[in-house]
Amino acid sequence: MKIIILGAGQVGGTLAENLVGEKNEITVIDSDPTRLRALQDRLDLQVVVGVGSHPDVLKKAGAEDADMLIAVTNSDESNMLACQVAYSLFKTPTKIARVRSEQYIIYQEQLYKQQDIPVDHIIAPEQLVTKAIKRLIDYPGALQVVEFAEGKASLVAVKAYYGGLLVGHALSALKEHMPNVETRVAAIYRRGRPIRPLGTTVIEADDEVFFIAATKHIRAVMSELQKLESSYKRIMIAGGGLIGAGLAKRLEHNHNVKLIEYHRERANYLSAHLDKTIVFCGDASDPELLSEESIDQVDAFIAVTNDDEANIMSAMLAKRMGAQKAMVLIQRSAYVDLVQGGEIDIAFSPQQATISALLTHIRRGDIVNVYSLRRGAAEAIEAIAHGDENTSRVVGREIGSIKLPPGTTIGAIVRDDQVIIAHSDTVIEANDHVILFLVDKKYINDVEKIFQPSAFFFG
């Protein structure tokens, strides 16, 4: 595909990195030549210096025959205007814009139409991150939770701990422990390296285990791998920006929520607009404030300010002062691996959430969900099987007979309302939602081809 990316910041750069390796023709536009030079030194792509919404700049970037425009600058207005110009002058088929302002998101159904503002897909990073954190609150102990087929199936990453029922046992023992629950371990990471999960694989303490199951069975499976943590009731949020405020709104009716906001004007606004959240104006890394607000009784401390260092320091302090769990938002992806797993339990990156959402719209074949896992190294995807035995490489075939790329596993199939855990003799039917796990995302093109029906394919 020929793709133009507007914005060479962290999202644009990470996206370009993801797509260049997949044999796409990528051009990045940015007004900062230093950023572009840094990208071009690392990646095989074209760059254009200029304002991305200007027609001459888009033309220079090849908009006349581009398949897709992805506008991810820091300005909502620039992103939307670039989509308008690409549509009006170049008839670009697919236009995606990153939109952060709540005002533009609230009215998205009325605004984003070809005759009004021709944006085919909007990506709202703050909403995506808020949703991801909410899922982690719903499943205490999970490192990552992603949903498929409108929430019917979930893929969950957990760390196996000493004392977990399955630690020291082979995977085949899962069935003995839970005869009435179907689940499949899609991948195991041991000391950062992927291990192919077989029935004979013995789970060790500290293994990062990705398993897939019907969403209603997730807690039961988690209890096999680690001592099930009690539900989080008391939540403290540091930072009252879009993410902090959105999270408080989602949690305040079922949890006891306190929010610390540094700026008085914003704190007053939040105090007036949130129903049950208690809002404090202050510094989240002030030990006196944390002590006064009983940090030692907090189940989850969640730092989501715009400052990575402030988030890390306040979360480490909260954990040392007795908070049960510490979660932080980190803008710089390079920091995520450095901090997660020590005093900080979970670090999440808005870039990865944004990239996952963007990849969903970029993938070929009928791929309806894409999640970037393990900081972008792995992917989980949901593909719909189309065609019949004469036109499809998967429909009417047993999973064991499908030639999947290395390190790729089919974890489950969602058929109507039924979640079917995949076995080698499971037969895929037309319109099944097939959930796959790719240990190495460089094989994504091969997976896309498998799920693209062809009139020229005959068994």
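Is phenylalanine 437 buried or exposed? At 2% relative accessibility, phenylalanine 437 is buried, and point 3 below comes back to this ring. Here are some notes to go with the model, which is a predicted one.

1. **Confidence.** A word on this before the details. The chain has a mean pLDDT of 88, and 95% of its residues reach 70 or more. Residues 455-459 are the stretch to treat with care, as their pLDDT is below 50. In the model this stretch still has nine contacts beyond near neighbours in sequence. Where pLDDT is low, the predicted coordinates should not be read in detail, so please go gently with those contacts.

2. **Domains.** The chain is divided into four stretches: domain 1 covers 2-123 and domain 2 covers 129-225, while domain 3 runs over 234-350 and domain 4 over 353-451. Taken over C-alpha atoms, the centres of domain 1 and domain 2 are 37 Å apart.

3. **The aromatic cluster.** Three aromatic pairs turn up in a search of the whole structure. One of them joins tyrosine 189 and phenylalanine 210: the ring centres are 5.8 Å apart, and because the planes meet at 70 degrees the pair is edge-to-face. Tyrosine 189 sits in strand β9 (residues 183-190) and phenylalanine 210 in strand β11 (residues 208-214), so this pair links distant parts of the chain, 21 residues apart. Phenylalanine 210 also pairs with phenylalanine 437, with centres 5.2 Å apart and planes at 55 degrees, so this pair is tilted. Here the link spans 227 residues, from β11 to strand β22 (residues 433-438). Together, Tyr189, Phe210 and Phe437 form one aromatic cluster.

4. **Burial of the cluster.** Why does tyrosine 189 count as buried? Its relative accessible area is 5%, and the cut-off for buried is under 20%. Phenylalanine 210 is buried too, at 1%, and phenylalanine 437 has the 2% given at the start.

5. **Helix α1.** Residues 10-20 make up this helix, which is mostly covered, with nine of its eleven residues buried. The buried ones are Val11, Gly12, Gly13, Thr14, Leu15, Ala16, Asn18, Leu19 and Val20. What lies over them includes the strands β1 (2-6), β2 (25-30), β4 (68-71) and β5 (94-98), along with the helices α2 (33-42) and α15 (350-362).

6. **Methionine 80.** This residue is found in helix α4 (residues 76-90) and is buried, with a relative accessible area of 7%. Which residues does methionine 80 contact, leaving aside its neighbours within four places in sequence? They are Val99, Tyr104, Tyr112 and Ile117. If you would like a long-range distance to check, the C-alpha atoms of methionine 80 and aspartate 286 are separated by 40 Å, with their positions 206 residues apart along the chain.

7. **A charge over a ring.** You may like this one: lysine 91 lies over the face of tyrosine 87, at 5.5 Å from the ring centre.

8. **Glutamate 126.** Helix α7 (residues 125-138) holds glutamate 126. The relative accessible area of glutamate 126 is 12%, so this residue counts as buried. Leaving aside neighbours within four places in sequence, glutamate 126 is in contact with Arg100, Leu242 and Ile243.

Key
Residues are numbered from 1 along each chain as its sequence is written. This is a predicted model: local features need pLDDT of at least 70, side-chain atom pairs count only at pLDDT 80 or more; totals for chains, interfaces and linings use all residues. Side-chain values use heavy atoms; hydrogens and water are left out. Helices (H or I, at least four residues) and strands (E, at least two) are DSSP runs, numbered from the N terminus. Buried means under 20% relative accessible area, exposed over 50%, partly exposed in between (1.4 Å probe, protein chains only). Contact means heavy atoms within 4.5 Å. Rings of Phe, Tyr and Trp (its six-membered ring) pair if their centres lie within 6.5 Å; planes under 30 degrees apart count as stacked, over 60 as edge-to-face and the rest as tilted. A charge sits over a ring if NZ of Lys or CZ of Arg is within 6 Å of the ring centre and within 35 degrees of the ring normal. Domain bounds come from an automatic or database domain assignment. pLDDT is the predictor's confidence in each residue, from 0 to 100.
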